[in-house]
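Subject: Structure handover

Hello,

Here is the structure for you to take over. My notes on what was found follow below it.

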Amino acid sequence: MKKVLIFLVFGLVLLTACSAQQEGGAASNEETNDETEVENEDAESNKEAFSESEFSYYELEEMARPLTELEQELLRKPGKYSGDNYEEEAVKQEIDKLPDDLTAEQYLNELVYLLAEDYHEEIDTIVNFDTEINVEIARPDETVDSPTMKTAHYAILMDASSSMHQEIDGKKKWESAKEAVTSFAEALPGNATVSIRVYGHEGTSESEDKELSCSSTENIYSGGYDADLFEKSLSKIYPSGYTPIALAIESSEEDIPEEAEEVVVYIVSDGIETCDGNPVQAAEQLVEKGIQTVVNIIGFDVDDEGQQLLKEVADAGNGEFTYVDSDRELKKYMREQYEAIQQAWYDWKQEGKSQSYELKEQKKELAYDTKQQMKDKSSREKERLKAAQQYLEDRFDDYHHPSNQVFGLVVDYSNEIWRYAVDSGNKLYRESVDNGNAEYREYVDEGNEKIRETIDKKNSQ
């Protein structure tokens, strides 16, 4: 009987204990569930509170071409901790604020938002980079679209008085003079105009014809050089009268085109003024007209007195007097004129070479510097992004957490910028070199060709 009672009591104790455990267990589960719900609510609240950072962008004032997708992206404004504003600890504090459940792409976006470098000046340079090398120097023989180019006019005044029939070395002075001025006109710049004015070609050297002869001056040719017309114009003239040099100088103003910015007057004469004019005063007045004018005189077989008077005329016209006493010396003088034109071509070539080279070097340097600046910024940005990614990754023990995927995204992102900088810079560099060399060669080739042509004409005298 005692045994039965003992078992009954033991059973009651067990039931009581189990009942207590069930009640306690139920209470514990309720508390755990409450805590989980609170944590989930906090996480959901954080997720809802997070807003992905959005970039603002620069706008280029002008664009030579449309932007690529990458270029548009690289116009974003720099991160708060980019460049010299970098602070490692401050970046870590910003990373600590990021939610735990972002995607790898979202994490990259936030890191770039903090650390992105400023590329907008380099993009502006690359997009608007002009690799063309255009050197515009007024050619000695043709027109160039250049606002600084001068239009020249050459006015030739030829003595057609009776004394030009005299012979030197078996050849009439008039024939020698015609050949000389024809050769000279052939070598004039192609964009220049030329005129021929004769004087003393009417009447005779007799006193009764003086009034007629002293009032005779005529423009027989004007315009660009045309060999046939030039020759025909001279062939119609027969030297016959007095020597009205002053009248010819005064009248030459009529021959100057309105668009001429520079005028060179050549007077071919074998004697002094014989018509009571004042050629010195006429030369002075001509150069005072506001047009840059030079009066050069070729004295052909002139005596000492005549040489002195013609020199005074040349001085008054800001020019020079050259004395020749034979056909040989006249041709020598004209060869010297060719040499001056030859030198002009040489100077043109050298200046073209110099400017082509300088422009090429400037653009090479700009292309190289722009590339290097982008590379330096990209390298700095990449290292800082990698460090930030590593800190982000260390926050989580889970190998499969998205933070572990950010490293590959950082590398791809940075390498794309690096390649863009290198490819764009190298392309602009090569094009600048090629265009500069091409412009350089054009000046060399054309200059050498024109120099050879002028040498040939000079040697044919």
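The largest nonpolar core in this predicted model has 37 residues. Leu74, Ile123 and Met374 have the most contacts inside it. Six helices each give two or more residues to this core: H2 (69–74), H3 (88–96), H4 (104–115), H5 (120–127), H12 (327–394) and H13 (406–459).

Leu74 shows how these parts meet. Beyond its neighbours within four places in sequence, Leu74 is in contact with Tyr119, His120, Ile123, Met374, Ile417 and Tyr420. Two of the residues with the most contacts in the core, Ile123 and Met374, are thus on the contact list of Leu74.

There is also a second, separate core. It has 24 residues, including Ala177, Phe184, Phe230 and Val264. As background, nonpolar side chains in soluble globular proteins tend to be buried together.

Next, helix H4. Its 12 residues should span 16 Å at 1.5 Å a residue. The end C-alpha atoms of H4 are 16 Å apart, which agrees. Is H4 enclosed or open? Of its 12 residues, 9 are buried, so H4 is largely enclosed by the rest of the structure. The buried residues are Ala104, Tyr107, Leu108, Asn109, Glu110, Leu111, Val112, Leu114 and Leu115. Note Asn109 and Glu110 on that list.

Now the charged pairs. Side chains of opposite charge can pair when their charged atoms come close. The count here comes to 16 salt bridges. Three pairs and one network are set out below.

Arg395 and Asp100. Their side chains meet in a salt bridge, at 2.7 Å from N to O. Arg395 lies in the loop between H12 and H13, and Asp100 in the loop between H3 and H4, so the pair ties together parts that are 295 residues apart in sequence. Arg395 counts as partly exposed, at 26% relative accessibility. Asp100 also counts as partly exposed, at 45%.

Glu254 and Arg197. The closest N and O atoms of this salt bridge are 3.8 Å apart. Glu254 sits in the loop between helix H9 (245–251) and strand S6 (262–269), while Arg197 is in strand S4 (residues 193–199). The pair links distant parts of the chain, 57 residues apart. Are the two partners buried or exposed? Glu254 is exposed, with a relative accessible area of 65%. Arg197 is buried, with a relative accessible area of 5%.

Asp276 and Lys210. In this salt bridge the closest N and O atoms are 3.6 Å apart. Asp276 lies in the loop between S6 and helix H10 (279–287), and Lys210 in helix H7 (residues 210–214), so parts 66 residues apart in sequence are tied together by the pair. Asp276 is exposed, with a relative accessible area of 71%. Lys210 counts as partly exposed, at 27% relative accessibility.

The network. Glu88, Glu89 and Lys92 are linked by salt bridges.

One last position: Asp434. Its place is in helix H13. Asp434 counts as partly exposed, at 49% relative accessibility, since exposed means over 50%. Which residue does it approach from far along the chain? Glu132 is 302 residues away along the chain, and the C-alpha atoms of Asp434 and Glu132 are separated by 9.2 Å.

Best wishes

Conventions:
Residues are numbered from 1 along each chain as its sequence is written. This is a predicted model: local features need pLDDT of at least 70, side-chain atom pairs count only at pLDDT 80 or more; totals for chains, interfaces and linings use all residues. Side-chain values use heavy atoms; hydrogens and water are left out. A nonpolar core is a set of buried Ala, Val, Leu, Ile, Met, Phe, Trp, Tyr and Cys residues joined through side-chain atoms within 4.5 Å. Buried means under 20% relative accessible area, exposed over 50%, partly exposed in between (1.4 Å probe, protein chains only). Helices (H or I, at least four residues) and strands (E, at least two) are DSSP runs, numbered from the N terminus. Contact means heavy atoms within 4.5 Å. The expected span of a helix is 1.5 Å times one less than its number of residues. A salt bridge is a side-chain nitrogen of Lys or Arg within 4 Å of a carboxyl oxygen of Asp or Glu.
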